[in-house]
Amino acid sequence: MRINGEISPQEDEEIGEVKTTPLSVQQLQKLVVVGYALTSKKRKSFLQPKLEVLARNKGILFVAIDLNRPLSDQGPFDVILHKLSGKGWCDAIEDYQQKHPEVVVLDPPDAIENLHNRQSMLQDVADLDLSDCQGKVCVPRQTVVNKDPLSIPHEVMKAGLKLPLVAKPLVVDGTAKSHELFLAYDEFSLSELEPPLVLQEFVNHGGVLFKIYIVGEAIKVVRRFSLPNISKRELAKVAGVFRFPRVSSAAASADDADLDPSVGELPPRSLLERLARELRLRLGLQLFNIDMIREHGTKDVFYVIDINYFPGYGKIPDYEHTFTDFLVGLVQSKYRKRPTT
């Protein structure tokens, strides 16, 4: 933490055009203090030098929360930014919020918890009616299998699902394993899968997925390559279950690819704004991303297939400006709402 504004030559090279300036005592007193509790992986990908310097130039200071000390003994904070799990941490956050209601917590642990289960994460999307927004937003038909792999074919038949099926772990716990996908071409191979898991009907989407990043009211969209279409002929010939690691990683960017417009055209802005606004309210979250696909052969039929909390913002262009503007706006809004005496 360099309150005096000094940086090393190496950091100056990494930061590029963003230049740090020394802070006066008056500026230090007006700093927006953001206490953060992140895993080491998230801290490395998110708290990059350019973000920290830009934040400080806007009057924002990131301070690490010491997990070995009571949260109540730390601070004062204007904002708490976190992505940790576990009952102990959740209880600490909730207790702190009750004692310090003036502090903005991003985001409430109970709201985050709803996205840890793929059985429930898409329910709020399924309840939406966005038919007046230049498109239709759906969720894939799905079923949940909690135990006994041998029961999977029966559960699929009972739910009336059509092959092929995408299988995903039921619980999203931040590990790479929780983002693995399996594609099942025939009902007999389904018993090879390991519950608990969610089975979703595969929707042909031209091999392109839209990742919609939400930071408060800001929306950023990037394209990623995804699983290719599956023809009826291919489905009749292929059998088995195929494992795919995380298919929509940043390395699979499709933003610069020469895509067919019918596949690569971004969803209508009005649709994304309405979807993001509704989900912010229903989920009670400010930081998340939506994985969306366009049904192949249509212009305006979209499916939301996943929602993730506090995703990899470091992968999107200029995330530093988006996130720092968001934090400044949060605190300004908080002070505007304070009653005058």
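Colleague: Among contacts between residues at least 6 apart in sequence, what share joins residues at least 24 apart in this chain?

Modeller: Good place to begin! This is a predicted model, and in its chain 72% of those contacts join residues at least 24 apart. The secondary structure comes to 12 helices and 14 strands.

Colleague: How many of the residues count as buried?

Modeller: The idea is to ask how much of a residue's surface can be reached: buried means under 20% relative accessible area. Here, 48% of the 341 residues count as buried.

Colleague: Could we look at one residue? Is leucine 285 buried or exposed?

Modeller: Leucine 285 has a relative accessible area of 1%, so it is buried. You will find it in the loop between helix H11 (269–283) and strand E13 (287–294).

Colleague: Which residues does leucine 285 touch, not counting those up to four places away in sequence?

Modeller: Leucine 285 touches Asp107, Ala111, Ile112, Leu115, Arg280 and Tyr309. You can also compare sequence with space: leucine 285 and isoleucine 214 are 71 residues apart along the chain, and their C-alpha atoms are 9.4 Å apart.

Colleague: Now the nonpolar core. Which residues have the most contacts inside the largest one?

Modeller: They are Phe46, Phe62, Leu81, Ile307 and Leu327, in a core of 59 residues. Domain 1 (32–107 + 326–337) and domain 2 (114–309) each supply at least three residues to this core. Take leucine 327 as an example: leaving aside neighbours within four places in sequence, leucine 327 is in contact with Val34, Ile60, Phe62, Val79 and Leu106.

Colleague: How do I check the span of a helix such as H5?

Modeller: Use a rise of 1.5 Å a residue and compare the result with the distance between the end C-alpha atoms. For the 13 residues of H5 (residues 87–99), the expected span is 18 Å and the ends are 18 Å apart, so the two agree.

Colleague: Which residues of H5 are buried, and which are exposed?

Modeller: Trp89, Cys90, Ile93 and Tyr96 are buried. They cover an arc of only 130° around the axis, so they sit on the same side of H5. Lys87, Gly88, Gln98 and Lys99, on the other side of H5, are exposed. The cover over the buried residues includes strands E1 (32–38), E3 (79–83) and E4 (104–106), along with helix H6 (109–113).

Colleague: Why does cysteine 90 count as buried, and how many disulfides are there?

Modeller: Cysteine 90 counts as buried because its relative accessibility is 17%. Cysteine 138, at 15%, is buried too. The disulfide count comes to 0.

Note on methods
Residues numbered from 1 in each chain as written. Predicted model: local features only at pLDDT ≥ 70, side-chain atom pairs only at ≥ 80, totals over all residues. Heavy atoms only, no water. Helix = DSSP H or I, 4+ residues; strand = E, 2+ residues; numbered from the N terminus. Buried < 20%, exposed > 50% of the residue type's maximum accessible area, 1.4 Å probe, protein only. Contact = heavy atoms within 4.5 Å. Core = buried A, V, L, I, M, F, W, Y, C linked by side-chain atoms within 4.5 Å. Domains from an automatic or database assignment. Expected span 1.5 Å × (residues − 1). Arc of directions from axis to C-beta. Disulfide = S-S within 2.5 Å.
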